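Me: I would like to understand how the words used for a structure follow from its numbers. Could you take me through them with care?

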Amino acid sequence: MGKSVTYNDSLTFNYHIGKALVENHGQHLDTETLETILKKHPDRLYDDLIRREFDDIYYLEHENAWLDVVVQNITAMKEGFAQSLAWYALFQACLAKRPYNLFHRKNLYMRTARVARSFGNKTTWDQSFHDAFVRHVREINTAVFDNGHQCRAINLDTCDIDPHPYDLVYIDPPYLNARGVGVDYHGFYHFLEGMTDYPNWRDSIDHQSKHRRLKRIPNPWNSPTSIHQAFQQTIERFADCKIVISYRSDGIPSIDELAAMLSRFKSRVTVSSDDQFRYVLSTNKKSKEILLIGT
Ligand SMILES: C[S@@+](CC[C@H](N)C(=O)[O-])C[C@H]1O[C@@H](n2cnc3c(N)ncnc32)[C@H](O)[C@@H]1O
């Protein structure tokens with residue numbers, strides 16, 4: 001839309017996706033770099049952390065060994081667009097090969113069980129990491145474009161962002177349902193986040209958890225006792241900007257509460273909804289996607 005965009009997410013793996021897709025205006029991942037990422041370099045000493053820590057949890061043993069090599073090759077690249085493009089392709093390959101595309105449970109058995117299957121996910125889960133990675137490199141290379149404006153990706157907690165340069169702020173926070181249960185992105189995607197900090201990953205793992213998630217980091221957006229304050233502080237921080245919020249009709253806070261928070265700083269607040277969309281696998285037919293706009 002011809003805008004200068006800043007993309008932010010507190011998770012480092014998402015920051016790389018933003019850097020590869022939003023900040024990057026022209027660099028592609030070339031074949032030579034791809035080959036360097038895929039091969040084991042005889043002069044490099046490789047750790048086997050994924051093989052040791054994640055045995056029988058998410059992937060098969062030879063897949064964990066492949067990941068150990070490729071993650072360390074990407075880590076060894078210099079920071080920049082090529083590295084973020086490589087991370088992007090690796091994350092997509094990892095997600096594609098996971099039941100539910102998540103890392104919330106130790107459930108490799110769902111993939112390996114000999115059962116009659118009614119749909120084709122197993123074919124995707126069983127494709128090789130090599131093929132999935134190369135496919136996603138090709139895909140991201142076609143998605144890079146220049147909109148003629150400077151764009152950026154940053155990796156901050158919402159409450160640490162400097163509000164000054166922005167005309168409009170769009171926030172799409174994690175959804176907390178009416179029972180106070182939130183979408184814990186750090187918990188769902190810890191494996192991708194861990195890969196981005198491979199040298200320190202082991203020390204960050206919660207070894208009490210069966211699926212070896214990362215130790216929890218408190219996040220006010222994930223709790224019914226703190227989410228109101230998180231919204232309030234964010235709205236206040238960006239009070240001089242137009243504010244657009246995506247949320248769901250049946251969550252905490254309610255849409256009326258969010259509209260009231262915006263009204264404290266904005267003379268005009270509109271609330272729109274769209275009934276057309278439903279979340280994949282969701283049985284909740286009442287929950288609507290809502291857009292609040294404060295100007
Ligand atoms: C609903 S998702 C956003 C999805 C995104 N709009 C998209 O279309 O791909 C919510 C995001 O908020 C991020 N997040 C959670 N807590 C955060 C915080 N305190 N500061 C910044 N980002 C946060 C999560 O990592 C997650 O990616």
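Reply: What follows is a set of questions about the ligand and the nonpolar cores, each answered from a definition.
This is a predicted model, in which local features need pLDDT of at least 70 and side-chain atom pairs count only at pLDDT 80 or more, while totals for chains, interfaces and linings use all residues. Residues are numbered from 1 along each chain as its sequence is written, and side-chain values use heavy atoms, with hydrogens and water left out.

Me: What makes the contact of D9 with the ligand a polar contact?
Reply: A polar contact is a pair of N or O atoms within 3.5 Å, and a polar side-chain atom of D9 lies 2.6 Å from an oxygen atom of the ligand, so the pair qualifies. For D172 the distance to a nitrogen atom of the ligand is 2.7 Å, and for D157 the distance to a nitrogen atom of the ligand is 3.2 Å.

Me: How many residues of the shell around the ligand are charged?
Reply: The shell holds 3 charged residues, beside 6 nonpolar and 5 polar ones, where Asp, Glu, Lys and Arg count as charged.

Me: Why is the set that includes L67 and W201 called a nonpolar core?
Reply: The name applies because such a core is a set of buried (under 20% relative accessible area, 1.4 Å probe, protein chains only) Ala, Val, Leu, Ile, Met, Phe, Trp, Tyr and Cys residues joined through side-chain atoms within 4.5 Å. The largest one has 47 residues, with L67 and W201 among those that have the most contacts inside it, and helix 5 gives the largest share, 11 residues.

How values were computed:
Polar contact = N/O pair within 3.5 Å; in protein donor to acceptor, adjacent residues only side chain to side chain. Buried < 20%, exposed > 50% of the residue type's maximum accessible area, 1.4 Å probe, protein only. Helix = DSSP H or I, 4+ residues; strand = E, 2+ residues; numbered from the N terminus.
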